[in-house]
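Welcome! Take a moment to look over the sequence and the 3D view, and then we will walk through a few parts together.

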Amino acid sequence: VEELLSLLAAIPDAKILGRRDRAAFELMYGTAIRLSEFRKLDLEDLWLSESLIHIRQGKGGRSRVVPLVGEAVPTLREYLRYSRPKLATGKMGGKDRNLEESSQAVWLSKEGGRWDVSAIRAALKKYAEKAGIEKKVTPHILRHSCATHLLKAGVDIRYIQAFLGHVQLSTTQKYTHF
């Protein structure tokens, strides 16, 4: 938990990309979303008035709805209000792009397209280093950490199983090692 707080504190959330990154990594940790699911999120999947997100076509083609907790909703609203419109122009990357394909994507790159896997991983690595975290930090580690922290807090393993979108309880048990 301390490392996660250090990681989030290392993100300069007063800047366009910082707002995006803060919202993204808070959402990744707080929802234990898979990276592939995260990248597919469209604006219609955010149910912010209910503090929920709809994860469509998760692993195995299964969908689920997960709650947004803590600072996730206000941080996400800030990103959507201030940063995403600037990113959607596609001009921060120095080139105009064909933005039609990504017009509904939640997470945008500075070029205005869907934020790609390598850039997400690089941003997370940069903030982990800035926070002084020596171990490897990946989006999947955020997922594992969320599951483990829920279990340590006394949340029932069956709830965690549904939250993660696992079919088998044995898969969830592997995630919640501590």
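## A small set of strands

Let's start with the sheet, keeping in mind that this is a predicted model. The sheet is open and built from three strands in the order β1-β2-β3, with antiparallel pairing. Strands β1 (46-47) and β3 (64-67) are at the edges with a single partner strand each, so one side of each has no neighbour in the sheet. In general, strands of a sheet pair through backbone hydrogen bonds, and the pairing can be parallel or antiparallel.

Now look at how β2 (residues 52-55) connects to β3: four bridges join these antiparallel strands. One residue to find is Ile55, whose bridge partner in β3 is Arg64.

## Two helices that meet

Next, find helix α2 (residues 16-31) and helix α6 (residues 139-152), which pack with their axes 7 Å apart and at an angle of about 45°. The two helices, α2 and α6, are therefore oblique to each other.

Which residues make this contact? From α2 come Phe25, Met28, Tyr29 and Gly30, and they meet Pro139, Leu142, Ser145, Cys146 and His149 of α6. Sorted by character, the residues of this contact are six nonpolar, three polar and no charged.

## A closer look at α6

Helix α6 has 14 residues, and from its first C-alpha to its last it reaches 20 Å, close to the 20 Å expected at 1.5 Å a residue. Which residues of α6 are buried? They are Pro139, Leu142, Arg143, His144, Cys146, Ala147 and Thr148.

Just after α6 you will come to Gly154, which takes a positive phi of about 95°.

Notes:
Residues numbered from 1 in each chain as written. Predicted model: local features only at pLDDT ≥ 70, side-chain atom pairs only at ≥ 80, totals over all residues. Heavy atoms only, no water. Axes fitted to C-alpha atoms, helices over the stretch in contact; angles between N-to-C directions. Parallel < 35°, antiparallel > 145°, perpendicular 65-115°, else oblique. Contact = heavy atoms within 4.5 Å. Nonpolar A, V, L, I, M, F, W, Y, C, P; charged D, E, K, R; others polar. Pairing = 2+ DSSP bridges. Expected span 1.5 Å × (residues − 1). Buried < 20%, exposed > 50% of the residue type's maximum accessible area, 1.4 Å probe, protein only.
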